[in-house]
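Subject: Handover of a structure and the findings on it

Dear colleague,

I am passing on to you the structure shown below. Please look through it first; my account of what was found follows directly after it.

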Amino acid sequence: MQELLEAVRPPAQIKAAYRPATTPIIEVSDVGKIYGRGAPILDGVNLTVHEGERVALIGANGAGKSTLLKCLIGLHPTSNGTVSTLGERFEVIPSKVQRRRMRLETGFVFQKHCLVARRSVLSNVIHGFLGTVGSWRGFSHTTSPKAWREAAMRALEDVNLLDFALHRADELSGGQQQRVAIARALVRKPRLLIADEPAASLDPTSGRDVMELFSTLCKRQGITLLFTSHDMQHARSFADRVVALRNGRIFLDRPSADLTDRDLEETFNV
Ligand SMILES: Nc1ncnc2c1ncn2[C@@H]1O[C@H](COP(=O)(O)OP(=O)(O)OP(=O)(O)O)[C@@H](O)[C@H]1O
Ligand SMILES: [Mg+2]
């Protein structure tokens, strides 16, 4: 443990090769989505997100926010249109190889943090390396490669949970567990972070803290952040840009600083 702490103490590395904010990370062209024989959930969606941007995706319940996130990374097939995520261009569904390449560079955080309750906080963060190798072996804090343990400790330091590294995950509060999930998502230094209502299950103070952490870490590390939220203060404060879905389409897309109360009323007044 001491050895790990020493490896972590120097300031966490900030990405040296920050790319200009002109490289598109996500390009969605005329994307539609219909589940089964139902009505279209997405209909002619066009969206470009550039590297380093922090984008909030808002909209009423059922507007299609989670669906769009899932289509972007190939968790759900689209019904038509073209998607390009992290340079992987596909229609309907990405190939296995494309999906694997995308996932290696993408971190995910969901409303439910999905930690392994009985495992240590450190092991849970090391789980962020799942997918880089073919098996589950080595995903604990005692058997994983040293480089992973050190990276996990640095990620825990970033979310101010270094002191809890060896606690069981279920000993932490909901807000702390969500911070562990953030560390797990960031441990591999992804280029893209996708977060679906990351603060929804937290009280207002913890929710704000978690969002602030997210936003700051992404900015500092040059990570592109796309998150959904029902909290308009979060969208305004923690994103550079707000995109609203309504009736299956992009209804507004503007800098968060320019968002008006009227925009919000119209977004939610379906
Ligand atoms: N796997 C699925 N099969 C069938 N219909 C689905 C599926 N997932 C979502 N839907 C439907 O698609 C619509 C959009 O759902 P989605 O979860 O994308 O909305 P959302 O904007 O994320 O809503 P919320 O704010 O409540 O999270 C809803 O009507 C939902 O019932
Ligand atoms: Mg949703």
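I begin with a pair of residues that face each other across two strands: Val31 has Val45, in β2, as its bridge partner. Please keep in mind throughout that this is a predicted model. The two strands concerned are β1, residues 24-34, and β2, residues 40-50, which run antiparallel and are joined by seven bridges. Together β1 and β2 make a hairpin with five residues between them, and Gly36 in the turn has a positive phi of about 55°.

This hairpin belongs to an open sheet of four strands, in the order β2-β1-β4-β5, with antiparallel pairing. Because β2 and β5 (88-91) stand at the edges and have a single partner strand each, one side of each is left without a neighbour in the sheet. From one strand to the next, the twist averages 15°. Strand β4 (residues 80-85) runs antiparallel to β5, and four bridges join them; Ser84 stands opposite Arg89 of β5. Helix α2 lies across β1, β2 and β4, and runs at about 120° to β1.

Helix α2 also leads to the ligand. Ligand 1 is surrounded by Tyr35, Ile41, Gly59, Asn61, Gly62, Ala63, Gly64, Lys65, Ser66 and Thr67. Which helix gives the largest share of this shell? That share, three residues, comes from α2, which covers residues 65-72. By character, the shell around ligand 1 divides into six polar residues, three nonpolar and one charged.

The other sheet I would point out is an open one of six strands, with mixed pairing and the order β6-β7-β8-β3-β9-β10. Here β6 (106-110) and β10 (249-255) are the edge strands; each has a single partner strand, so one side of each has no neighbour in the sheet. Neighbouring strands of this sheet are turned against each other by 15° on average, direction ignored.

At one end of that order, strand β9 (residues 241-246) pairs with β10 in the antiparallel sense over six bridges. Two of the residue pairs may be useful as landmarks. Arg246 has Arg249 of β10 as its bridge partner, while the bridge partner of Val242 in β10 is Arg254. The hairpin of β9 and β10 has two residues between the strands, and Asn247 takes a positive phi near 50° in it. Helix α9, residues 261-268, lies across β3 (54-58), β9 and β10 and runs at about 165° to β10.

Turning to the chain as a whole, the protein has nine helices and ten strands. Of its 270 residues, 40% count as buried. Among contacts with a separation of 6 or more, 68% are between residues 24 or more positions apart.

Lastly, the nonpolar interior. In soluble globular proteins, nonpolar side chains tend to be buried together. In this model the largest nonpolar core has 69 residues, and those that touch the most other members are Val125, Ala152, Leu156, Ala183 and Phe214. Which residues does Val125 touch, leaving aside those up to four places away in sequence? They are Ala152, Ala155, Leu156, Val180, Ala183, Arg184 and Val187.

With kind regards

Conventions:
Residues numbered from 1 in each chain as written. Chains lettered and ligands numbered in written order. Predicted model: local features only at pLDDT ≥ 70, side-chain atom pairs only at ≥ 80, totals over all residues. Near = placed C-beta within 6 Å. Nonpolar A, V, L, I, M, F, W, Y, C, P; charged D, E, K, R; others polar. Pairing = 2+ DSSP bridges. Axes fitted to C-alpha atoms, helices over the stretch in contact; angles between N-to-C directions. Contact = placed C-beta atoms within 7 Å. Buried ≥ 20, exposed ≤ 12 C-beta atoms within 10 Å, placed from the backbone. Core = buried A, V, L, I, M, F, W, Y, C linked by C-beta atoms within 7 Å.
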